[in-house]
Amino acid sequence: MLEEARDRKYNMYARIIQKAFKKYFARKRREQEKQEAADFLFGRKERKRASLNRNFMGDYIGLDDKPQILNLIGKKEKILFAETARKYDRRFKMSRKELILTNKYLYLIGREQIKKGVDKGNLVEVIKRKLSFNQLSHISLSTLQFRI
């Protein structure tokens, strides 16, 4: 009876030590893989250095929470990429536009004020541009990170 209790206690301690051992070496292996990836991409990845181990989502503006934009695009369009872009005019005034890439078109969605009616002065989303893929030569991102 005492021997069984002692064996159970030793087994419990052995499990704790094994678990700590596995966690330690898993963490060490993850750090090594992270360093290898950073060394592989050294000098090539300047934009968002912290995104080395981040999964690509495609929707960076949360379109699930913006049904008015989804209604403009249509429910049958599959959204591949969505991001907020900043556009500067000739007077260096910034305006934000949603850049949405679907399987058929590239949409630029901006905001306009309502000029007449009960909702006068309110901002509403409108499609500023709708480009099909055959009108585009290429799409690229900057290699540098934009900071506000």
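This passage describes the nonpolar core, the strand pairing, the salt bridges and a surface patch of a predicted model.

Residues are numbered from 1 along each chain as its sequence is written, and side-chain values use heavy atoms, with hydrogens and water left out. Because the model is predicted, local features need pLDDT of at least 70 and side-chain atom pairs count only at pLDDT 80 or more, whereas totals for chains, interfaces and linings use all residues.

Helices (H or I, at least four residues) and strands (E, at least two) are DSSP runs, numbered from the N terminus. Strand E1 covers residues 79–88 and strand E2 covers residues 94–102; the two pair in the antiparallel sense over nine bridges. Two strands are taken to pair if DSSP finds at least two bridges between them. Within this pairing, alanine 82 stands opposite isoleucine 100 in E2. E1 and E2 form a hairpin with five residues between them, and phenylalanine 92 lies in the loop that separates the two strands. The phi angle of phenylalanine 92 is near 60°, a positive value in a residue other than glycine. Phenylalanine 92 has a relative accessible area of 70% and is therefore exposed; here, buried means under 20% relative accessible area, exposed over 50%, and partly exposed in between (1.4 Å probe, protein chains only).

Both alanine 82 and isoleucine 100 also belong to the largest nonpolar core, which has eight residues. The other members are Ile61, Leu63, Ile69, Ile73, Tyr107 and Ile109. A nonpolar core is a set of buried Ala, Val, Leu, Ile, Met, Phe, Trp, Tyr and Cys residues joined through side-chain atoms within 4.5 Å. Two or more residues of this core come from each of helix H2 (67–73) and strand E3 (105–113). In soluble globular proteins, nonpolar side chains tend to be buried together.

The surroundings of one core residue, isoleucine 109, were examined through its contacts (heavy atoms within 4.5 Å). Leaving aside neighbours within four places in sequence, isoleucine 109 touches the nonpolar residues Ile69, Leu72, Ile73, Ile100, Val126 and Ile127, and also Lys97, Glu98, Glu125 and Lys128. Lysine 66 lies in the loop between H1 and H2 and, with the same neighbours set aside, is in contact with Ile61 and Glu98. Lysine 66 is partly exposed because its relative accessibility is 23%.

Three salt bridges were found, each being a side-chain nitrogen of Lys or Arg within 4 Å of a carboxyl oxygen of Asp or Glu. Glutamate 98 forms a salt bridge with arginine 111, the closest N and O atoms being 3.0 Å apart. This pair links distant parts of the chain, with glutamate 98 in strand E2 and arginine 111 in strand E3, 13 residues apart. Glutamate 98 counts as buried because its relative accessibility is 2%, whereas arginine 111, at 33%, is partly exposed.

Arginine 111 forms a further salt bridge with glutamate 125, for which the closest N and O atoms are 3.9 Å apart. Here too distant parts of the chain are linked, since arginine 111 is in strand E3 and glutamate 125 in strand E4, 14 residues apart. Strand E4 comprises residues 123–132. With a relative accessible area of 17%, glutamate 125 is buried. Apart from residues up to four places away in sequence, glutamate 125 touches Gln68, Ile69, Leu72, Ile109, Gly110 and Arg111.

Lysine 128 and glutamate 112 form another salt bridge, with the closest N and O atoms 3.1 Å apart. Lysine 128 is in strand E4 and glutamate 112 in strand E3, 16 residues apart, and the pair again links distant parts of the chain. Lysine 128, at 37% relative accessibility, counts as partly exposed, and glutamate 112 counts as partly exposed at 38%. Salt bridges that share partners join Glu98, Arg111 and Glu125 into one network.

On the surface, Tyr10, Met12, Tyr13 and Ile16 form a nonpolar patch with about 420 Å² of accessible area together. Accessible areas come from the Shrake-Rupley method with a 1.4 Å probe; for residues, only the protein chains shown count as cover. Patches are made of residues with over 30% relative accessible area and no salt bridge, in which like charges are joined within 9 Å and nonpolar side chains (Val, Leu, Ile, Met, Phe, Trp, Tyr) within 5 Å. Tyrosine 13, one of the patch residues, is found in helix H1 (residues 2–40). Tyrosine 13 counts as partly exposed because its relative accessibility is 41%.
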